[in-house]
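Hi everyone, thanks for having me. I'd like to walk you through one structure today, so let's put it up on the screen.

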Amino acid sequence: MNAPAANSERRAIFLQELGIGPVWVRRDGAVTAEAPPAVEHVAAAIVEEIVLVAAAPVARDLPASAQVKAASAWDDVPTPAFLADPVPASVPTSVSASLPIIATAVVTHIADDGIADMTWPELKTAVASCTRCHLCQTRTNAVFGVGDEKARWLFVGEGPGRNEDKQGEPFVGPAGKLLDNMLLAMALKRGENTFIANVVKCRPIDSDGKDRAPTAEESAACKPYLERQIALLKPVTIVALGKVAALTLLGGDPKTSVAALREQLHHYGNVPVVATYHPAYLLRKPVDKAKSWRDLCMAADAYANFGDLAV
């Protein structure tokens with residue numbers, strides 16, 4: 001299969017999995033009658049997905065305008081007029097020049113039990129046998145994380161669910177499939193230049209045995225492991241998936257919503273952090289997938305602009 005055909009197929013699969021496409025546009029950039037009115041307001045964001053996914057493998061380091069040209073040349077179709085700037089107006093192209101840094105998290109002191117000095121193998125062993133909180137009593141497997149131990153991208157969720165507890169790997173099942181497609185849209189892949197972890201390593205369950213969000217106490221007990229993972233990884237950019245992950249990394253009022261943290265660049269130490277919705281939430285509310293795509297565009301911009309500042 002030639003490159004244009006292969007990438008067209010990949011984009012079609014990606015849009016189908018995310019449930020937000022396709023949207024047809026005329027050569028003048030207007031949305032045609034075939035596009036449902038409910039998605040017209042996200043048409044630019046969806047077409048942006050098509051452009052950036054096509055351009056990423058060959059032009060990920062090019063300026064925004066050059067990425068559009070590369071994508072158009074690849075697919076041999078004209079660029080719609082409204083895509084002169086591929087990043088939505090609400091997300092400025094130049095993060096360093098236009099986005100405020102609204103929160104800088106100070107790395108908290110890691111508990112004095114040797115975690116701060118552990119190697120990767122030692123840390124994995126410690127997590128597997130951890131009894132720092134009561135979640136160890138009901139777990140099947142502690143879920144350490146998965147990926148490249150030299151990855152420059154770190155994605156952090158809240159905690160394992162039923163599927164993750166059984167398999168010992170984060171983000172499996174429907175939410176994991178969606179996360180994999182989100183990575184694909186960024187020209188990334190699970191296990192290659194990415195590491196995926198959770199705030200807590202054991203599955204939190206309620207009195208009925210169903211999944212729930214971890215408490216502040218459970219997150220605090222497990223946070224030293226996440227901090228050590230970050231110290232070992234030295235990531236260039238962190239994507240916080242959901243409220244628990246964002247507030248654990250950034251601190252702040254526990255009542256703060258993900259919506260209030262989105263579209264603003266935060267920092268963990270001096271590592272850029274972008275907060276977005278958890279994939280499980282996006283499965284329940286697919287209308288917000290376009291918003292998450294804009295967050296991922298911001299993360300990619302931060303990666304390009306602030307990579308040299310990361311620890």
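**A buried arginine, and some rings**

Let's start with arginine 262, which has a relative accessibility of 7%, so it counts as buried. Keep in mind that what you're looking at is a predicted model. Where does arginine 262 lie? You'll find it in the loop between helix H10, residues 258–261, and strand E6, residues 265–268.

And what is arginine 262 in contact with, once we leave aside its neighbours within four places in sequence? The list is Ala275, Thr276, Tyr277, Lys291, Arg294 and Asp295.

Let's pick up one of those contacts, Tyr277. Tyrosine 277 has a relative accessible area of 9%, so it's buried too. Now for the helix. H12 covers residues 289–306, and 13 of its 18 residues are buried, so we can call it mostly covered. Here's a quick check you can do yourselves: at 1.5 Å a residue, those 18 residues should span 26 Å, and the end C-alpha atoms of H12 are 25 Å apart, which agrees.

Okay, on to the rings. How many aromatic pairs does a search of the whole structure find? Six. Take phenylalanine 144 and phenylalanine 195: their ring centres are 6.4 Å apart and the planes sit at 90°. Anything over 60 degrees counts as edge-to-face, so that's what this pair is.

Phenylalanine 144 is in the loop between helix H5 (120–128) and strand E2 (146–147), while phenylalanine 195 is in strand E4 (residues 194–198), so the pair ties together parts that are 51 residues apart in sequence. Are these two buried or exposed? Phenylalanine 144 comes out at 10% relative accessibility, so buried, and phenylalanine 195 is buried as well, at 2%.

Compare that with tyrosine 277, back again, and tyrosine 281: this aromatic pair is stacked, with 4.7 Å from centre to centre and 25° between the planes. Tyrosine 281 is partly exposed, at 22% relative accessibility.

Ring pairs also link Trp120, Phe144 and Phe195 into a cluster. And a ring can have a charge over it: the charged end of arginine 132 sits over the ring of tyrosine 225, 5.7 Å from the ring's centre.

Last stop, threonine 140, which is also in the loop between H5 and E2. Threonine 140 has 53% relative accessibility, so it counts as exposed. Its C-alpha atom is separated by 8.7 Å from that of glutamine 167, and the two residues are 27 residues apart along the chain.

That's my tour, thanks for listening!

Conventions: Residues numbered from 1 in each chain as written. Predicted model: local features only at pLDDT ≥ 70, side-chain atom pairs only at ≥ 80, totals over all residues. Heavy atoms only, no water. Phe/Tyr/Trp six-rings, centres within 6.5 Å; stacked < 30°, edge-to-face > 60°. Helix = DSSP H or I, 4+ residues; strand = E, 2+ residues; numbered from the N terminus. Buried < 20%, exposed > 50% of the residue type's maximum accessible area, 1.4 Å probe, protein only. Lys NZ or Arg CZ within 6 Å of the ring centre and 35° of its normal. Expected span 1.5 Å × (residues − 1). Contact = heavy atoms within 4.5 Å.
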